[in-house]
Amino acid sequence: MPKLVIEGGKSLKGEIKLQGAKNSVLPILAATILSEEESVIHGCPNLSDVAITVEILNFLGCKTKFEGESLIINPKNINKNKIPEMYMRKMRSSIIFLGALISRMGCAEISLPGGCELGPRPLDLHFSGLRQLGMISEESHGKIKCNVGRGLVGNNIVLSFPSVGATENLILSAVKAKGETIITNAAREPEIQDLANYLNKCGAKIRGAGEGTIKIEGVDRLQGAHYSIIPDRIAAITYMAATAVTSGDILINRVYPEHLSSVIPIFEECGCIIEIFDKGKLRLIAPERLLSNAVIRTMPYPGFPTDAQPPIMTMLCAAEGSSIIIENIFESRYKHVGELLRLGADIKVEGRTAIVNGVKRLSGADVRAEDLRGAAALVVAGLCAEGTTKISGLRHIDRGYEDIEGNLCKIGANIKRI
């Protein structure tokens, strides 16, 4: 079983370049099948989730080819409308293919997806919205069969919760539907804007992405496009937290600071200095000891992102003072807490609330990651802990972080994969 071995106590200093955003690239890769022409996606990160997505594209009949960080997809000869269970179980976001498949093929067959177990996710929002566009579905023996009858037709859809996945699926299915679709209470995340920007470059007519109401005028066809993925804001936050807990000084290249607007104040309240430069550069200078009495509530964008909660919790563990985190998005987003306690953290969890009392030092131990962002939290903890930390469960971190050990080594960490 592979492990990350970290010798803690090394101050992180230097420059790092951000990978393309995991949460952008997956729906955009699914969107490439809406056209019959070749697309080239630049800045495609080397992640296990991307590899699975490419496997799905190939299974459906696409031709794919990597050239460095660019992925070339030719979807002309798609001849399947089913995604095998083995792919759906590996990656929860595989559900994003549903909207694209019913738009391209008129029908689809999938099973319920896998991925990190973070508690119930509102997949019912996907299906109820798609049904309002004309999709007919039936579930039997763990399989979901869908078709669009005489075709998808635009409609006014109000989401009861601004679900990112549901918003993406509705966009993918509505871009070629007849008439206009209006999505109210849509998710506003930067990754939604990225998907819409790619589709508009392909000839779609989408307005309002990144706002609460998205309007989509259906078109008859889409063409291929060259498109560059936005930088990964959660990876940026993770490297910022790692620098903060090690009293470091880091310059992050290829970052969109505006995507971090809800998180930067937390770093500043802890005593970090944040400098923002032109051309997508952000510098974080950490104090000798972090201070915190923060109250953090995870919320849909532009609120504090739930994906940032685990690494930020680790940062608060190393800060003098007591902080409160209220997790409003996922019920099971505290799986990393038990492992942080093994490292010497002082955290008390009651329901969705975690009280984090800062400690003078964490101590290295053997720990296991149970989900993607929890894995990142353990890496951050290991970097500041005394002694050696060994982290197993690396399949989780490889889903969302490109060569995390290599990147951290470049800025002074003592970390290796064995």
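Are Lys22 and Asp49 buried or exposed? Select the two together: both Lys22 and Asp49 are buried, where buried stands for under 20% relative accessible area, exposed for over 50%, and partly exposed for the range in between, with a 1.4 Å probe and protein chains only.

Before going on, note that this is a predicted model, in which local features need pLDDT of at least 70 and side-chain atom pairs count only at pLDDT 80 or more, while totals for chains, interfaces and linings use all residues. Residues are numbered from 1 along each chain as its sequence is written, and side-chain values use heavy atoms, with hydrogens and water left out.

**Salt bridges**

Stay with the selected pair and display the side chains. Lys22 forms a salt bridge with Asp49, with 3.6 Å between the closest N and O atoms; the term requires a side-chain nitrogen of Lys or Arg within 4 Å of a carboxyl oxygen of Asp or Glu. Lys22 belongs to helix α1 (residues 22-31) and Asp49 to helix α2 (residues 48-60), so the pair ties together parts that are 27 residues apart in sequence. Helices (H or I, at least four residues) and strands (E, at least two) are DSSP runs, numbered from the N terminus. The structure holds 18 salt bridges.

Next, select Asp307 and Arg373, whose side chains meet in a salt bridge at 3.8 Å, N to O. This pair links distant parts of the chain, 66 residues apart, with Asp307 in the loop between β17 (295-297) and α10 (309-317) and Arg373 in helix α12 (residues 372-384). Both Asp307 and Arg373 are buried.

Then move to Asp398 and Arg417, which form a salt bridge with the closest N and O atoms 2.9 Å apart. Asp398 lies in helix α13 (residues 394-400) and Arg417 in strand β23, so parts that are 19 residues apart in sequence are tied together by the pair. Asp398 is partly exposed, with a relative accessible area of 23%, and Arg417 also counts as partly exposed, at 32% relative accessibility. Adding Arg399 to the earlier selection shows a network, in which salt bridges that share partners join Lys22, Asp49 and Arg399.

**Strand pairing**

Select strand β1 (residues 4-7) together with strand β23 (residues 414-417): the two run antiparallel and are joined by four bridges, strands being paired if DSSP finds at least two bridges between them. Glu7 has Asn414 as its bridge partner in β23. Now add strand β22 (residues 388-392), which also runs antiparallel to β1 and is joined to β1 by four bridges; here the bridge partner of Leu4 is Ile391.

**Nonpolar cores**

The largest nonpolar core has 74 residues, and those with the most contacts inside it are Phe267, Ile312, Met313, Met315, Val379 and Leu408. Such a core is a set of buried Ala, Val, Leu, Ile, Met, Phe, Trp, Tyr and Cys residues joined through side-chain atoms within 4.5 Å. Helix α8 (residues 233-245) contributes the largest share of this core, 10 residues. Apart from this core lies another, of 73 residues, including Leu57, Leu159, Ala186 and Tyr227.

Centre the view on Met313: leaving aside neighbours within four places in sequence, Met313 is in contact (heavy atoms within 4.5 Å) with residues including Ile325, Tyr334, His336 and Val337.

**Cysteines**

Finally, select Cys317, which is buried, with a relative accessible area of 0%. The sulfur of Cys317 is 8.5 Å from the closest cysteine sulfur, in Cys384, too far for a bond, as a disulfide is a pair of cysteine sulfur atoms within 2.5 Å.
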